[in-house]
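The following exercises are meant to be worked with the coordinates open in a viewer. Try each task before reading its solution.

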Amino acid sequence: FIDPSVIDGDKFDLQEIESEKKTSKSASEILQDERKTLPIYPYRDELLQAVENHQVLVIIGETGSGKTTQVPQYLHEAGYTKRGKVGCTQPRRVAAMSVAARVSQEMGVKIGREVGYSIRFEDCTSEKTVVEYMTDGMLLRNIISEPNLTSYSVIMVDEAHERTMSTDILLGLLKDLIKYRSDLKVLISSATLDAEKLSNYFDFAPIFKIPGRRYPVEVHYTIVPESEYIDAAIVTVLQIHVTQAPGDILVFLTGQEEIETTKEILNHRIRGLGGKIPELIICPIYANLPTELQTKIFEPTSEEVRKVVLATNIAETSLTIDGIKYVVDPGFVKVKSYNPSTGMESLLISPISRASANQRAGRSGRTGPGKCFRLYTLDSYQKEMDDNTVPEIQRTNLANVVLILKSLGIDDLVNFDFIDPPAAESLIKALELLFALGALNKFGELTKVGRRMAEFPLDPMLSKMIVASDKYRCSDEIITIAAMLSVGNSIFYRPKEKQVHADNARMNFHSGNVGDHIALLRVYNSWRECDYSKQWCYDNYVQVRSMKRARNIRDQLERLLKRVEIEIASNVNDLNAIKKAITSGFFPHSARLQKDGSYLTVKHPQTARIHPSSGLAQVLPRPRWVVYNELVLTTKGYMRQVTELKPEWLVEIAPHYYQLKDVEDPASKKIPQVSRNSKC
Ligand code: ADP
Ligand code: MG
């Protein structure tokens, strides 16, 4: 006989499968329906008509209206991709990847085929690709090999309001290019109403406005300034979670470390509360987050479960997460800042602009009325914040861009048609740095070293380090170091319950106090010796994913070495040779020990300490001279990725930049021995 429950069960399963089929079939229908609900949809035909009639069009519309995901699809549907690709630039890597993933879903194709993305060190496109999302920096580099952008029929410069340096330069280059390519369409899209400027720049190109939908947002301020904004953010999230109606929360933080710390503390506090509060799903999003986790932020939650998204500025305009009802805004952002009078570049956690604050608040009112909790006072919003963020070109080191422009044959930088020109001083500083690095000769012309450097999609100091490794016969080691540095600060991990083990494992690579660069090299080489094993990574508290990325970047750098005809040479036992190659690129980042244990950068005095994550942070006696990879300014200046150097190397390697007096020891008046005849 047949057990009735089994029959029932079977039936039930069948029904499940049927309904699953139905939902999966309708999933693509749902996506198509969703496309039609976006604010941009009613304007589809009008927009296509405007593109047809004008070579350049400025498109403005609020974040989430569908500019990024829809416009390239409309163009594809209208046949533009028959003549060439539709390229759409994004200021951020994550946005390019995530939007490409979404659009390939909407078009029902596999990512990397018809719809792809290309970002630095990662090309996810194919022969078939017709809609290509990419970073603005990537398109800028592509112009070096394809000056007329012949493979594109349309370029959409998206998120132009962000005014990144690459976007600004692209706009300048495109403005020139359209004179020669009357068939190329240029669309410039922006989330802010400040489109006049973009339009004027392109000889009064028409502006296409997409009316937005926005629900009211209730804005709350703190009464007194918050000194510990992370703590304040955590408390606010918990308060919202416990007291407010359903709806997801979006918290703006400044970077990966801050996000990970906040996540840990939040988890800890929630666990501490036991089962007393409902579930809260924590989703981080930042540039280095693995792709699988990135998509998690878009997964809708059920009614009962609340989601809190901990995001960097990426969620301000580049990514739209549906379902957000509450925004927690501490009011800070990490920006690259540059002091043109000293040539010092640093990462600085600084207050946002009022425009940013308003964008952030707006994220809570997309699908219904929202609330924004500002962790600053009304007074500082009104009186202390700037109206707008300063364009990157006016607050950054221009060396990279100048090198790219020079290799495009654009020599007259002073007369380049910038939308907002950089300070003359910054241009001069960039030229000076490139001269000191040996990329330019004294007439400002690109040298052979400079041409080689321009092949690498890296900061000029890193490229110089690679090019110089030829001389020290250690290119094998140096591209490994460059790849590891490019991965960012996510090589090691430190689980809470195993911190001591993790720290010991990490310090193993530092034995002999070799410095962070060599330690990174050792990590990579040990992993390579163990056949790139995952187990090795687990045993050493090293992130598998970061290592794979480093390997991938390293492979690409190796190919580029061949292109610039530098032989792969290994010199792993001569640490001084490796350090000299590092110093050849990073000599502008040198610092000298002070009596109080802090450091003073040599050329342009700035006090800094060795970042606690460095292998040299605890070493006593402290190294007297160091080079660092980057300087992060919070309340204090911290140097990250630090290696000891001999001061005489500075004069030996960069005689144009350092004189003996710079490296004299003021205490003993001892002058280091220098061989003055060896130049880099
Ligand atoms: P805009 O560029 O005007 O800000 P978008 O085209 O980015 O607008 O967004 C339109 C819609 O697509 C939004 O509702 C957003 O939630 C959705 N969307 C965008 N990217 C993704 C993604 N990766 N996953 C899920 N939904 C997405
Ligand atoms: Mg967009």
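**Exercise 1. Which handedness does the β-α-β unit of β6, helix α6 and β7 have?**

Solution. The model is a predicted one, and the steps below should be read with that in mind. Begin with strand β6, which covers residues 152-157 and pairs with β7 in the parallel sense over four bridges. Within this pairing, V154 stands opposite K185 of β7. Then follow the chain through helix α6, residues 165-180, into β7; together the three elements make a β-α-β unit that is right-handed.

**Exercise 2. Identify what joins β7 to β1, and decide whether the residues of β7 are buried or exposed**.

Solution. Strand β1, residues 56-61, runs parallel to β7 and is joined to it by five bridges; V56 has V186 as its bridge partner there. Next, take the residues of β7 one by one: six of the six, from 185 to 190, are buried. In a regular strand, side chains alternate between the two faces of the sheet. Sorting the residues of β7 accordingly puts K185, L187 and S189 on one side and V186, I188 and S190 on the other, and with all of them buried, both faces of the strand are covered.

**Exercise 3. Describe the shell of residues around ligand 1**.

Solution. The shell holds 17 residues, of which K67, T68, T69, R102 and F298 come nearest to ligand 1. Sorted by class, the shell has ten polar, four nonpolar and three charged residues. As for where they come from, helices α3 (67-77) and α4 (93-107) each supply at least two residues.

**Exercise 4. Where on helices α21 and α14 do the buried residues lie?**

Solution. First check the length of α21, residues 544-563: at 1.5 Å a residue its 20 residues should span 28 Å, and the end C-alpha atoms are 29 Å apart, which agrees. Its buried residues are S546, M547, R549, A550, I553, R554, L557 and L561. Because they cover an arc of only 155° around the axis, they lie on the same side of α21. The face turned away from that buried side carries exposed R559, K562 and R563.

Repeat the procedure for α14, residues 424-436, whose 13 residues reach 18 Å from first C-alpha to last, close to the 18 Å expected. Here S426, K429, A430, L433, L434 and A436 are buried. Their arc around the axis is only 160°, so they too fall on the same side of their helix, α14. An α-helix has 3.6 residues a turn, so residues three or four places apart point the same way.

How values were computed: Residues numbered from 1 in each chain as written. Chains lettered and ligands numbered in written order. Predicted model: local features only at pLDDT ≥ 70, side-chain atom pairs only at ≥ 80, totals over all residues. Buried ≥ 20, exposed ≤ 12 C-beta atoms within 10 Å, placed from the backbone. Pairing = 2+ DSSP bridges. Right-handed = clockwise from strand over helix to strand, strands pointing away. Near = placed C-beta within 6 Å. Nonpolar A, V, L, I, M, F, W, Y, C, P; charged D, E, K, R; others polar. Expected span 1.5 Å × (residues − 1). Arc of directions from axis to C-beta.
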